[in-house]
Amino acid sequence: MSFLQIHDPLKPKGRAVGIDLGTTNSLVAAVIQGRPRALPADEGDALLLPSVVHYAKDGGVVTGRRARALAPEYPTDTIISVKRFMGRSPDDPETRKLGPYRFASAPGSKVVRFEVAGGNPVTPIEVSGEILRALKRRAESYFASAVEQAVITVPAYFDDAQRQATRDAGRLAGLEVLRLLNEPTAAALAYGLDKGSQGTFAVYDLGGGTFDISILKLVDGVFEVKSTAGDTALGGDDFDRAIALRALEAWGIGDPSPALVQELMQAARTAKEALTHEERTELAVGNQRFAFSRAQFEEWIAPIIQRTGLSCRRAMRDARVTPEDLDGVVLVGGATRVPAVRRFVAELFKKEPLGDIDPDQVVALGAAVQADILTNSEREGEVLLLDVIPLSLGLETMGGVVEKLIPRNTTIPAGAAQVFTTYKDGQTGMDIHVVQGERELVQDNRSLARFTLRGIPPLPAGVARVEVRFQVDANGILSVSAKEQSTGVEQSITVTPSHGLTDEQIEQMLLDSIEHAEDDIQLRQLREQQVEAERVLADLDRSLAEHGALLSPEERARVEEVASTTRELARTTSDHLALKEAIARLDEVTRPFAERIMNKAIQSALAGHAVSEFERKER
Ligand code: ADP
Ligand code: MG
């Protein structure tokens, strides 16, 4: 897959799968004889693979149901809900609250690392990689052939770092990630909602520990995510907790042991799932029993369900839609099996939700549909429009720093514009240098195109306004235009697909950007201060030449001394903070001078008038 080229006609079409990499459960699916199907595990395990990875003392790695069973005994060697850690910074105090793990502290590292038995600390990318590897193996044993391509789903709200981490996890598992697809979009695809021409849909996703609501709009075959809302600590697990609390109450246990809690939670989950089809159920832990009805259960969980309503209303408000505007509501997530949840959704959105596709398979099935469209030559062109930009597109600005206009993973077609200004007085041309990549400095990114906008009217620095517009069309082709706003002078260029990047190049760039993230930020900050110093010093030289008489010889000597220290520092230091301080000091000593120049200008503008701020200051 090369950049700016969505379909490579020369690429061999292979078996591609769709993967729902969930917080609680993950699943792999593929289109088989024209229909998407979830692929079963071979050892008679359930379809859903619990998203749990256990690291054993002997260096072995266990995933899924067996790993989940080991969690109570080995809480720090068994990583549950790793998705919550994806793309998170180890410095974020919230990160450590996400689980009872031992975090390895590697100074200066930008990635979370869990200390686990049997080997080196592992990152969330590696842990997710194990889950993906297990699913890849499952697909390979089902097809009895290699599976190397996948569409992987991510929550619509995932940011660039989280998406990048997911993609890297795929790579680590030996999968070429054809695309990262938003979970709600995948669900909509599974229901074939893309077959209509227009429509607005809500996707209500209640999983094990997270709730997401998304409003999607289909316009000419393209799904746009209009808004998302949700709660990262709300899900089916809360229903289990509600049951467990009632059982403990009934048994008069005020201070249960962790082992009892663990066992009870498992029993509560089983009982809850049974109530989806039955009116009464009973759970047993040790020799204690607790029987309850569906009606009781619904009463206990009512406040939890109500809470999802708040997010739904917020999402509708943000997308500026009312329930009447919605053409459909899709149910996603195992917890939407609970009948009371379905009733609540129907009432809130004033329509019967779409729920006949298994809600815990629907995302994986949609991902499989997407994977098929991308690799099956007969379906070529069906949803080209859902593609994303794999690496950020930006412009070179002063000091060789990149200003990103379109971040990577933006869905295409996409556009962005930004206004830039001239740097020098009387500047009539502006160089537009289009670059691609994730690094902060131009030299570390790929140069895509370069042109000069001429005919800017000669104006003082910072007055001319040049709007640079990026447009990436449905085929991934970028055009760039630059327009000076007062005169309308315009120039543009099209970047053609032949300048593609190979996958290896993208990979290397991603690795580099992870490795160099820290240096890059330092360098960028230094460059910014250097540019600022240059600007301030040039201003000062000009002012001294024109208005030098406004300063006494001593004042002038002082200003020149601080200016020369700053100039020297700008050349030599690698410490952006030191340079920033020097600039601030220079600003401080030149301030009275600047004020006098300003006053003089006012004075000449008011020539003939008696009032003069400048004179008063001089006294
Ligand atoms: P995630 O998206 O977080 O990976 P899932 O969509 O797999 O999670 O949902 C898991 C949740 O769904 C769990 O709380 C599980 O108990 C619940 N669940 C699964 N099946 C049923 C059922 N038949 N009735 C009620 N809840 C169910
Ligand atoms: Mg899910």
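Hi everyone. Let me open with one residue, Lys350: at 58% relative accessibility, this lysine counts as exposed. You will find Lys350 in the loop that runs between helix H8 (339–349) and helix H9 (362–375). Its backbone is worth a look too, since Lys350 has a positive phi of about 60° although it is not a glycine. Why point that out? Most residues other than glycine have a negative phi.

Before I go on, please keep in mind that what you see is a predicted model.

Now, Lys350 has some company. Arg320 also has a positive phi, of about 55°, and is not a glycine either. Look for Arg320 in the loop between helix H7 (294–319) and strand E15 (328–332). With a relative accessible area of 75%, Arg320 is exposed.

Let's turn to a part that is covered up instead. How many of the 8 residues of helix H4 are buried? The count is 8 of the 8, so this helix, residues 183–190, is largely enclosed by the rest of the structure. Among the buried residues of H4 are Glu183, Pro184, Thr185 and Leu189, and several alanines are on the list as well, including Ala186 and Ala190. Just after H4 comes another positive phi, this time at Gly192, with a value of about 70°.

One more stop before the ligand. Arg37 has its place in strand E3, residues 35–38. This arginine is partly exposed, with a relative accessible area of 40%. Which residue is 328 residues from Arg37 along the chain, with a C-alpha separation of 6.4 Å? That is Leu365.

On to ligand 1. Here 17 residues surround the ligand, and the closest are Thr24, Asn25, Lys272, Glu273 and Thr276. What kinds of residues make up the shell around ligand 1? They divide into 2 nonpolar, 10 polar and 5 charged.

Let me give you three contacts to find on the screen. A nitrogen atom of ligand 1 is 2.6 Å from an N or O atom in the side chain of Thr276. At Arg337, an N or O atom of the side chain is 3.0 Å from a nitrogen atom of the ligand. At Gly208 the backbone takes part: one of its polar atoms is 3.1 Å from an oxygen atom of ligand 1. As for coverage, ligand 1 taken alone exposes 590 Å², and the protein buries 91% of that.

Where does the shell come from? The elements that give two or more residues to the shell are H5 and H6, and the largest share, 3 residues, comes from H6. In terms of domains, the shell draws at least three residues from each of domain 1 (15–235 + 301–386) and domain 2 (236–300).

That brings me to salt bridges. Side chains of opposite charge can pair when their charged atoms come close. In this model the count comes to 27 salt bridges, and I'll show you three.

The first involves Lys272, which we just met among the residues closest to ligand 1. The side chains of Lys272 and Asp240 meet in a salt bridge, 3.0 Å from N to O. Asp240 lies in helix H5 (residues 236–251) and Lys272 in helix H6 (residues 258–275), so this pair ties together parts that are 32 residues apart in sequence. Are these two residues buried or exposed? Asp240 is buried, and so is Lys272.

Next, Glu130 and Arg133 meet through their side chains in a salt bridge, 3.6 Å from N to O. Both lie in helix H2 (residues 124–143), 3 residues apart, about one turn of the helix. Glu130 is buried, with a relative accessible area of 17%, while Arg133 is partly exposed at 28%.

My last pair is Glu532 and Arg535, whose closest N and O atoms are 3.0 Å apart in their salt bridge. These two sit in helix H11 (residues 517–547), 3 residues apart, about one turn of the helix. Glu532 is partly exposed, with a relative accessible area of 29%, and Arg535 is partly exposed as well, at 37%. This pair belongs to a network: salt bridges that share partners join Asp425, Glu532, Arg535, Asp539 and Arg542.

That's my tour. Thanks for listening!

Technical notes. Residues are numbered from 1 along each chain as its sequence is written. Chains are lettered from A and ligands numbered from 1 in the order in which they are written. This is a predicted model: local features need pLDDT of at least 70, side-chain atom pairs count only at pLDDT 80 or more; totals for chains, interfaces and linings use all residues. Side-chain values use heavy atoms; hydrogens and water are left out. A salt bridge is a side-chain nitrogen of Lys or Arg within 4 Å of a carboxyl oxygen of Asp or Glu. Helices (H or I, at least four residues) and strands (E, at least two) are DSSP runs, numbered from the N terminus. Buried means under 20% relative accessible area, exposed over 50%, partly exposed in between (1.4 Å probe, protein chains only). A residue is near a molecule or strand if one of its heavy atoms lies within 4 Å of it. A polar contact is a pair of N or O atoms within 3.5 Å; within protein, one must be able to donate a hydrogen and the other to accept it, and residues adjacent in sequence count only if both atoms are side-chain atoms. Accessible areas come from the Shrake-Rupley method with a 1.4 Å probe; for residues, only the protein chains shown count as cover. Ala, Val, Leu, Ile, Met, Phe, Trp, Tyr, Cys and Pro count as nonpolar, Asp, Glu, Lys and Arg as charged, and the others, Gly among them, as polar. Domain bounds come from an automatic or database domain assignment.
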